Amino acid sequence: MRYGSKLLFEDVSVTFTSGRRYGLTGPNGAGKSTFMKVLTGEIEPQKGSVVRPRKVGVLKQNQYEFDEYRVIDTVIMGNKALWAALEEREIIYNKPEMTDEDGSRLGELEGIVGDENGYEAEANAAVLLQGLDIPDELHERKMSELQGGQKVRVLLAQALFGDPQALLLDEPTNYLDLESIHWLQDFLIRYNGTVITISHDRHFLNAVCTHTADIDYETIITYNGGYDDMVLQKTSIRTRIESQNEQREKKIAQLNDFIARFSAGTRSSQVNSRKKEVERLATSELARSNIARPFIRFEMLRPSGKNVLEFEGVHKSYIQKDGKVEHVINNFTASVMRGDKVILMGRNGQGKTTLLKALLANGPGIEETDVSIDSGTVKWGHEVSIGYFAQDHTGSIQKGMTAADWLHQFDPQATKEDIRGILGQMLFRGEEGMKKTDALSGGEAARLLFCKIMLQKPNVLVLDEPTNHLDLESINALNQAIQKYEGTVFLVTHDQDLIEEAGTRIWHFEGGPANFHITDHKGPYEEYEQKLAMASK
């Protein structure tokens with residue numbers, strides 16, 4: 001498959017075996033989603049053929065495609081044959097009068113409904129929805145009434161419905177909270193068919209995958225094990241080929257030296273044998289790897305005071321469409337010291353972003369318009385400077401400018417070389433820094449925001465779901481940068497590696513409307529997990 005002059009992959013022959021779970025990896029732009037569409041039949045390969053099982057479950061990427069349908073119906077549509085039979089049956093039943101032909105067709109349709117377990121369809125769909133934390137009262141609602149994260153889960157239930165022999169999941173953990181990710185992991189591990197999943201969640205890939213199919217070097221190579229296993233194997237194979245090539249090149253240089261010295265003399269037979277040896281030793285051609293590693297380093301212009309943030313009795317509520325008041329954060333009090341790395345975790349919709357925005361309400365240098373509290377006090381400490389990465393950062397980057405010009409505003413003293421250097425660190429190479437901000441992809445916009453934060457050198461980082469549009473290499477770079485950063489961090493994430501490796505303190509949002517509370521654990525996640533395990537015994 002190629003687009004114009006860009007070759008994604010060629011001459012790929014690979015078999016995905018039943019009972020195995022494959023992670024499809026490769027950097028952004030390597031062709032993962034394109035390959036997935038070739039597998040589903042959405043696009044045809046430019047050369048070659050694809051053999052697929054009769055029933056394939058596919059996670060749809062377009063959240064709005066089913067807005068007019070009931071939630072339960074959206075799930076049942078995952079079984080195309082059953083849904084078509086149910087729709088046709090409905091049309092026949094709605095006719096004022098039925099013909100003999102209609103009667104005989106109804107018999108055929110009832111046969112299809114029976115074969116496809118159609119009489120238990122609603123009950124089976126409900127079980128899947130409950131497992132994905134879509135409560136019963138939403139099953140009859142229209143998809144348009146659901147939030148983004150809930151829609152993704154319904155589409156996941158659609159892909160899983162009807163016992164498909166293979167599941168093709170493109171970014172299934174996007175917009176899922178940690179509990180839903182754990183549910184999905186357990187589900188996929190128990191699933192008997194073939195799983196092929198694209199994910200930028202390293203922990204998820206390591207937990208779920210028995211094999212990794214890596215798109216790189218313009219081909220696909222399958223490795224045993226999860227993502228970390230693949231990286232080790234790939235690195236050692238690459239190193240071995242490079243070292244063999246080095247040895248060969250030395251040998252070839254010696255032979256060429258001999259040929260140059262003696263080709264005109266009496267030792268022509270030895271010269272000819274050396275020439276043949278050079279041809280035999282021609283080095284293995286190494287295709288260039290697509291992998292590009294960004295370099296993220298957060299520095300501080302100056303440290304903050306010891307007490308970074310104190311807040312007391314913070315309260316925040318929203319008025320819903322029906323006029324009801326929903327209390328999101330209720331009477332939360334805490335203080336944060338310099339160097340704390342606070343992870344905000346919990347289910348979607350429990351108020352993590354709301355709390356961050358409440359705390360930013362009088363944050364120094366914060367220009368966001370939608371930050372506020374209803375009551376309570378928030379006091380930021382001496383010399384605090386904040387670098388903020390908003391979850392929805394579509395409005396954070398001004399349109400109609402180049403990436404370099406947009407970045408330059410945040411440090412007018414910086415030279416063009418400084419700006420180019422920071423952009424280069426985040427993989428905006430050469431002319432890419434002149435790209436218009438209107439044309440940036442989600443991943444590019446995220447990387448540009450990190451450029452801004454690196455340029456500002458703040459002593460407090462407030463990062464709300466920063467990994468949503470990043471590939472694995474960028475997430476790993478971010479993880480290491482947060483660990484090495486000497487300032488204070490507030491981080492909302494569902495990425496388990498980040499939670500475990502970068503956090504030194506946990507704010508866990510838990511409970512329903514009646515018993516909602518935030519647990520403040522002063523210590524890393526592993527310690528918090530042990531505490532929870534002890535409490536449940």
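**Note on helix H15, salt bridges and selected residues**

1. In helix H15, 10 of the 13 residues are buried, so this helix is largely enclosed by the rest of the structure. The buried residues of H15 are Leu-472, Glu-473, Ser-474, Ile-475, Asn-476, Ala-477, Leu-478, Asn-479, Ala-481 and Ile-482. The model is a predicted one, and the points below should be read with that in mind.

2. The dimensions of H15 can be checked next. The helix covers residues 472–484 and has 13 residues. From its first C-alpha to its last it reaches 19 Å, which is close to the 18 Å expected at 1.5 Å a residue.

3. Some overall figures give the setting. The protein has 537 residues, and buried residues make up 47% of them. Its secondary structure comes to 17 helices and 17 strands. Taken along the principal axes, the C-alpha atoms fill a box of roughly 100 × 80 × 55 Å.

4. Which residue pairs with Glu-473 of H15 in a salt bridge? The partner is Arg-293, with an N to O distance of 3.1 Å between the two side chains. This pair links distant parts of the chain, 180 residues apart: Glu-473 sits in helix H15, and Arg-293 in the loop between helix H10 (268–280) and strand E9 (307–319). Glu-473 has a relative accessible area of 13% and is therefore buried, since buried means under 20%. Arg-293, at 57% relative accessibility, counts as exposed because the cut-off for that class is over 50%.

5. The Arg-293 and Glu-473 pair is a salt bridge, and a search of the whole structure finds 32 salt bridges. As background, side chains of opposite charge can pair when their charged atoms come close. Another salt bridge joins Glu-116 to Lys-55, with the closest N and O atoms 3.0 Å apart. Glu-116 lies in the loop between helix H4 (100–115) and helix H5 (121–131), while Lys-55 lies in the loop between helix H1 (32–40) and strand E4 (56–58), so the pair ties together parts that are 61 residues apart in sequence. Glu-116 counts as buried, at 14% relative accessibility.

6. Lys-435 and Glu-444 also form a salt bridge through their side chains, at 2.9 Å from N to O. Is each partner buried or partly exposed? Lys-435 is partly exposed, with a relative accessible area of 29%, whereas Glu-444 is buried, with a relative accessible area of 12%.

7. Salt bridges also form a network in this model. The residues linked in it are Asp-133, Arg-153, Asp-177, Glu-179 and Arg-347.

8. Where on the surface does negative charge gather? Glu-500, Glu-526, Glu-527 and Glu-529 form a patch of negative charge there. Helix H17 (residues 525–536) gives the most to the negative patch, with three residues. Glu-529 has its place in H17. Glu-529 has a relative accessible area of 35% and is partly exposed; a patch takes residues with over 30% relative accessible area and no salt bridge, so a partly exposed residue can belong to one.

9. Gln-530 is also placed in helix H17. Gln-530 is partly exposed, with a relative accessible area of 49%. The upper limit of the partly exposed class is 50%, so Gln-530 is not counted as exposed. Gln-530 and Arg-70 are 460 residues apart in sequence, and their C-alpha atoms are 41 Å apart in space.

10. What separates the C-alpha atoms of Asp-67 and Ser-144 in space? The distance is 4.3 Å, although the two residues are 77 residues apart along the chain. Asp-67 lies in the loop between E4 and helix H2 (71–76). At 15% relative accessibility, Asp-67 counts as buried.

11. Two residues deserve a check of their backbone angles. Asn-117 has a phi near 55 degrees, a positive value in a residue other than glycine. The place of Asn-117 is the loop between H4 and H5, and its relative accessibility of 40% makes it partly exposed. Glu-171 has a positive phi of about 55 degrees and is not a glycine either. Glu-171 is found in the loop between strand E5 (166–170) and helix H7 (178–190). With 13% relative accessibility, Glu-171 counts as buried.

Conventions:
Residues numbered from 1 in each chain as written. Predicted model: local features only at pLDDT ≥ 70, side-chain atom pairs only at ≥ 80, totals over all residues. Heavy atoms only, no water. Patch = residues over 30% accessible without salt bridge, like charges linked within 9 Å, V, L, I, M, F, W, Y side chains within 5 Å. Areas by Shrake-Rupley, 256 points an atom, 1.4 Å probe, with all protein chains shown as cover. Salt bridge = Lys/Arg side-chain N within 4 Å of Asp/Glu carboxyl O. Lys, Arg positive; Asp, Glu negative; His and termini not counted. Charge placed at Lys NZ, Arg CZ, Asp CG, Glu CD. Helix = DSSP H or I, 4+ residues; strand = E, 2+ residues; numbered from the N terminus. Buried < 20%, exposed > 50% of the residue type's maximum accessible area, 1.4 Å probe, protein only. Expected span 1.5 Å × (residues − 1).
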